[in-house]
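User: Please take a close look at a single part of this model, its nonpolar interior, and explain how the surrounding elements contribute to that part.

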Amino acid sequence: MPEEVEIETEDVHETVHEAIEREGSWLLKAIALTTALLATLAALAALKAGATVNEALMLKAEASRLQAEAADQWGYYQAKGIKAAVQEASRASWLALGKEPPVDFKSAATRYGGEQREIEKIARRKERERDAKSTEGDQLFDQHHRYAISVAIFQVAIALGAVAALTRIQLVWFGSLVLGLASTALLLATWIQ
């Protein structure tokens, strides 16, 4: 009988365990590194989301203040119109009696009409400013929503990274990477815009 080849099973067993440990160690290091990177990007996206919503709220408050000022100007405009109408009615009463009205009635009505035109300009300017602030605030709210979506996707990617580290399933880690890349693209697109 030929001599049997003796295989050291203990050496094979040790070699297999070392290979598994090396692969697992590489995978765990890669998962840890990418998860840390995703967490950093998520923190950046969260900061941008917070900053944009704060700025949007400030712009909306400014728009509300301008709306109040415009409404005040329109009230002032109407008051001047009423004063002009009273002056004109007084003047008409004098004329109806066949008497010459005091010069003040006509000049006051004319003055009130001129003041109304100036007040109208101010009110319309404030309304334009209000609309500009409100539109800018709306755009920032839209940016905030995109940043918030980016943060949510980063969180899912980080969770998948944790699952991949626990299970050492490389496919789950690839899923984490794909979501991380998608969220990074959304973050950059929002930032650039």
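Analyst: A residue counts as buried here when its relative accessible area is under 20%. By that criterion, 27% of the 193 residues of the chain are buried in this predicted model. The exposed surface of the chain comes to about 12,900 Å², of which carbon and sulfur atoms supply 63%.

The setting of the interior may be described before its members. The chain contains three helices and zero strands, and its pattern along the sequence reads α-α-α. Where contacts link residues at least 6 apart in sequence, 81% of them join residues at least 24 apart.

In soluble globular proteins, nonpolar side chains tend to be buried together. The largest nonpolar core in this model has 10 residues: Leu38, Leu41, Ala42, Ala45, Ala49, Tyr147, Val151, Phe154, Ala157 and Leu187. Two elements, helix H1 (9–96) and helix H2 (103–167), each give two or more residues to this core. The most come from H1, which supplies five residues. One member, Ala42, illustrates the packing: when residues up to four places away in sequence are set aside, Ala42 touches Val151, Phe154 and Ile158. Apart from this core lies another, of five residues, including Ala30, Ile31, Ala164 and Trp173.

Helix H3 (170–192) also has a buried set, consisting of Trp173, Ser176, Gly180, Ser183, Thr184, Leu187 and Thr190. Of these, Leu187 is listed in the largest core, whereas Trp173 belongs to the other core. An α-helix has 3.6 residues a turn, so residues three or four places apart point the same way.

The lengths of two of the helices can be checked against expectation. H2 has 65 residues, and because each residue should add 1.5 Å, the helix should span 96 Å; its end C-alpha atoms are 96 Å apart, which agrees. The corresponding check on H3, with 23 residues, gives an expected span of 33 Å, and the end C-alpha atoms of H3 are likewise 33 Å apart, in agreement.

Between H2 and H3 there is a loop that contains Arg168. Most residues other than glycine have a negative phi. Arg168, however, takes a positive phi of about 55° just after H2.

In summary, H1 and H2 each give two or more residues to the largest core, H1 giving the most, and H3 carries buried residues that include Leu187 and Trp173.

Terms used: Residues numbered from 1 in each chain as written. Predicted model: local features only at pLDDT ≥ 70, side-chain atom pairs only at ≥ 80, totals over all residues. Heavy atoms only, no water. Core = buried A, V, L, I, M, F, W, Y, C linked by side-chain atoms within 4.5 Å. Buried < 20%, exposed > 50% of the residue type's maximum accessible area, 1.4 Å probe, protein only. Helix = DSSP H or I, 4+ residues; strand = E, 2+ residues; numbered from the N terminus. Contact = heavy atoms within 4.5 Å. Expected span 1.5 Å × (residues − 1). Areas by Shrake-Rupley, 256 points an atom, 1.4 Å probe, with all protein chains shown as cover.
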